[in-house]
Amino acid sequence: MLMETPTLFELEAPAEHATGDLTRLKVQTRIREMNHDRISQQDMNQMLVRRHAAIARLRRRRHEADEVDHEYWVRRRNNIRLVE
């Protein structure tokens, strides 16, 4: 099928050009949607990783605080025994 180029006298482009442009536009739109979905998924994964890391830090700090609190009460108990 030979595609003819439009001349100055043909005001409308041949149908082959219109459908080719439409197909290309659909493909470009789909590629943009796929890229957007991929980037959104990456952002969601990074957010989840940061959230899990923050939760782990909080749990570690709370555990360390509990150990310090426990050591304080052990020392205090021992000091009270020494005073008695």
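Patches here are made of residues with over 30% relative accessible area and no salt bridge, with like charges joined within 9 Å and nonpolar side chains (Val, Leu, Ile, Met, Phe, Trp, Tyr) joined within 5 Å. As for charges, Lys and Arg count as positive and Asp and Glu as negative, while His and the chain ends are left uncounted. The place of a charge is taken as NZ of Lys, CZ of Arg, CG of Asp or CD of Glu.

This is a predicted model, in which local features need pLDDT of at least 70 and side-chain atom pairs count only at pLDDT 80 or more, whereas totals for chains, interfaces and linings use all residues. Residues are numbered from 1 along each chain as its sequence is written, and side-chain values use heavy atoms, with hydrogens and water left out.

First, the overall picture. The protein chain has one helix and zero strands; both kinds of element are DSSP runs numbered from the N terminus (helices are H or I with at least four residues, strands are E with at least two). Of its 84 residues, just 1% count as buried, where buried means under 20% relative accessible area, exposed means over 50%, and partly exposed is what lies in between (1.4 Å probe, protein chains only). The accessible surface of the chain adds up to about 8300 Å², and 59% of that belongs to carbon and sulfur atoms. Accessible areas come from the Shrake-Rupley method with a 1.4 Å probe, and for residues only the protein chains shown count as cover.

Now for the patches. Glu64, Asp66, Glu67, Asp69 and Glu71 together form a negative surface patch. One of these, Asp66, sits in helix 1 and, at 49% relative accessibility, is partly exposed. A nonpolar surface patch of about 230 Å² comes from Met44, Met47 and Leu48. Leu48 is also part of helix 1, and its relative accessible area of 33% makes Leu48 partly exposed.

Next come the salt bridges, of which the structure holds two. The term stands for a side-chain nitrogen of Lys or Arg within 4 Å of a carboxyl oxygen of Asp or Glu. One salt bridge pairs the side chains of Arg24 and Asp21, at 2.9 Å from N to O. Both residues belong to helix 1 (residues 15-83), where they are three residues apart, or about one turn of the helix. Arg24 is partly exposed at 49% relative accessibility, and Asp21 is partly exposed at 42%.

The other salt bridge links Glu33 with Arg30, whose closest N and O atoms are 3.4 Å apart. Glu33 and Arg30 are again three residues apart in helix 1, about one turn. Glu33 is partly exposed at 38% relative accessibility, and so is Arg30, with a relative accessible area of 44%.

Finally, there is Thr29, another residue of helix 1. The Thr29 side chain reaches the backbone oxygen of Leu25 at 2.8 Å. With a relative accessible area of 34%, Thr29 is partly exposed.

Conventions. Polar contact = N/O pair within 3.5 Å; in protein donor to acceptor, adjacent residues only side chain to side chain.
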